[in-house]
Structure formats: structure tokens, C-alpha cells
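This report walks through a few features of one structure, beginning with paired charges and going on to a helix and a pocket.

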Amino acid sequence: MDESTSSLLTSHLLGSVPAVISDDRKTTTYQGGEEQGTFSWKGVFSISSYKPYFNVDTDVVLDRIKSSLYPLNGNFFSKIVENPDLYGPLWISTTLIFMFTALGNCATYFMDKRTDKSTTWTFDVSKVNVAAGVSYGYVGAVPVAYYFLLQYLGSNSSLICLWCMWGYSLFIFMIASILLLIPIEFVRWIIILLAGCASACFVAVNLKSYMEGAEMLVIVSALILQFALAIFIKAYFFP
């Protein structure tokens with residue numbers, strides 16, 4: 001076999017020739033979590049436009065979860081601004097649906113069992129729909145409302161970053177849901193109030209650091225909404 005034939009055959013081996021990528025297929029550069037260039041609402045309804053926001057590994061998600069547990073640490077946006085993700089918020093929201101439903105029914109059973117030993121186990125299926133509406137609805141709608149509010153007030157903001165921050169702010173309710181299985185009412189109220197305060201402070205502090213010169217009314221309203229969510233979780237799912 002001559003040298004030219006050998007060269008032709010080996011050129012087809014994997015890794016023998018570097019891939020050449022044309023200029024029109026190069027990766028688009030992202031800045032601040034949004035694609036540079038003119039914004040188009042068509043991308044909102046395209047699944048492919050959300051693919052970059054699921055390109056995170058376990059270490060990144062765990063690091064952001066840990067940051068959400070430090071409510072007074074206002075550097076969360078500095079961690080996500082270059083690569084905001086929707087994987088964490090979607091996973092947290094979906095997990096909360098099952099936790100609110102399953103653990104809520106268990107907690108109700110434990111409380112009833114303390115006062116009435118003849119109580120039998122029942123499962124309230126309607127809580128699934130309410131949990132889905134609260135979890136997905138809150139994480140989806142509230143950031144959108146604040147995005148348009150901030151745009152109206154003249155403050156530049158990223159909708160993806162707001163979705164990311166609000167999604168991770170709910171992680172503490174996963175821990176609280178487990179602790180709410182304790183069949184002692186005043187302890188349960190202390191747990192949910194502490195969780196609500198931590199989640200509300202996390203949102204307020206990071207929102208304040210994210211918006212320069214933000215109006216205090218915006219910060220306070222976000223804090224109240226987050227705290228009200230905690231009260232609703234306790235009152236409906238863990239009565």
C-alpha cells in the first residue's frame with residue numbers, strides 16, 4: 001500500500017482530522033443571561049431558545065442552592081448573570097408539588113391522629129392541582145410581573161435572571177415541608193415563619209443589589225409576596 005493511500009484511509013479515523021466549523025454555526029455569545037442583539041418575542045415560544053439555560057451541571061446547581069440558604073448574602077445575581085439557568089427553578093418547583101401534596105397529607109394525618117386515635121388515612125388529591133398552580137404559577141408569573149415593572153421604572157433587568165432567582169428562593173420550603181411533619185402546631189408555625197423570613201430576605205436583598213436605585217416599594221412588595229406565600233403553604237397544605 002503506497003503512502004498516499006495510507007494517508008487517505010487514516011484521514012477518516014476518529015480524531016485524525018480536526019472538525020472545521022463554519023462562521024455561521026459558531027456559538028452565539030451571551031451577556032447577562034440574554035442573547036446580544038435585537039430581542040424577539042418569537043424566541044419565547046421556541047423550545048430551542050431555552051436550551052442554553054439548561055446547560056448546567058450538578059455542581060453549579062448545588063452551589064446556587066447553597067447560596068439561596070444564606071438570605072443576607074446579596075451576591076446571587078453575580079453568580080448567575082453570566083449563565084442563568086432554568087433547570088434549578090423547574091426542578092425545585094416540580095419537587096415542591098409532590099412534597100406539598102404528599103407531606104401535607106401526611107402532616108394532616110399525624111395531627112388528626114394525635115387527637116383521635118381512630119382516624120384513618122385519607123389522601124386529598126385536590127391538593128395536587130393547587131400545589132401545581134401555586135408552584136408553577138408563582139415562579140412563572142411573579143418574575144414576569146416584576147420584569148415589566150422594572151422596565152416601566154427604567155431599570156434594566158433580565159427576565160431569565162429573575163426566573164432563576166425566584167426559583168431558587170423556594171428551595172428552603174423543601175426543607176420546611178419535611179420539618180412540618182412534626183405534629184406540634186406552634187413548632188410548625190415557627191418553622192414556616194422562619195422559612196418565610198429567610199426566603200423573603202433572600203429575594204429582597206438580592207433584588208435590591210440587582211437594581212441600582214430601586215424604589216423601596218418594589219423591594220418591600222417582593223418581600224411581602226414571598227412571606228405571604230409561606231403563610232399560604234402552611235395554612236392550606238399543612239393545616
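K79 is partly exposed in this predicted model, its relative accessible area being 32%. Its side chain meets that of D63 in a salt bridge, with 3.6 Å from N to O. Because D63 belongs to helix α2 and K79 to helix α3, the pair ties together parts that are 16 residues apart in sequence. D63, like its partner, is classed as partly exposed, here with a relative accessible area of 36%.

The count of salt bridges comes to four, and the table sets out three of them, including the pair just described.

| Salt bridge | Closest N to O distance |
|---|---|
| D63 and K79 | 3.6 Å |
| E185 and R188 | 2.9 Å |
| E185 and K234 | 2.9 Å |

What separates E185 from R188 along helix α8? The two residues are three apart in that helix, which puts about one helical turn between them. E185 is partly exposed, at 28% relative accessibility, whereas R188 is buried with a relative accessible area of 0%. E185 also pairs with K234, and since E185 lies in helix α8 and K234 in helix α9 (residues 216-237), this salt bridge ties together parts that are 49 residues apart in sequence. K234 counts as buried, at 1% relative accessibility. Through shared partners, the salt bridges join E185, R188 and K234 into one network.

Helix α2, the element that holds D63, spans residues 58-68, and V61, R64, I65, S67 and S68 are buried in it. Seen down the helix axis, these buried residues fall within an arc of 160°, and therefore they line one face of α2. The face turned away from that buried side carries the exposed residues T58, D59 and K66. As for their surroundings, the buried residues of α2 pack against α3 (76-80), α4 (87-115), α6 (159-169) and α8 (185-210).

The second largest pocket holds about 270 Å³ of space. Its lining is made up of Y50, F54, L86, P89, L90, S93, S135, Y136, V139, G140 and W163, and the elements that give two or more residues to this lining are α4 and α5 (126-152). Which of the elements gives the largest share of the lining? That share, four residues, comes from α5. Sorted by class, the lining of the second largest pocket has eight nonpolar and three polar residues, and no charged ones.

Note on methods: Residues numbered from 1 in each chain as written. Predicted model: local features only at pLDDT ≥ 70, side-chain atom pairs only at ≥ 80, totals over all residues. Heavy atoms only, no water. Buried < 20%, exposed > 50% of the residue type's maximum accessible area, 1.4 Å probe, protein only. Arc of directions from axis to C-beta. Contact = heavy atoms within 4.5 Å. 1 Å grid on protein atoms, 1.4 Å probe; cavity = no way out; pocket = protein on both sides within 12 Å on 5 of 7 lines; lining within 4 Å. Points joined across faces, edges and corners; volume = space filled by probe spheres on them. Nonpolar A, V, L, I, M, F, W, Y, C, P; charged D, E, K, R; others polar.
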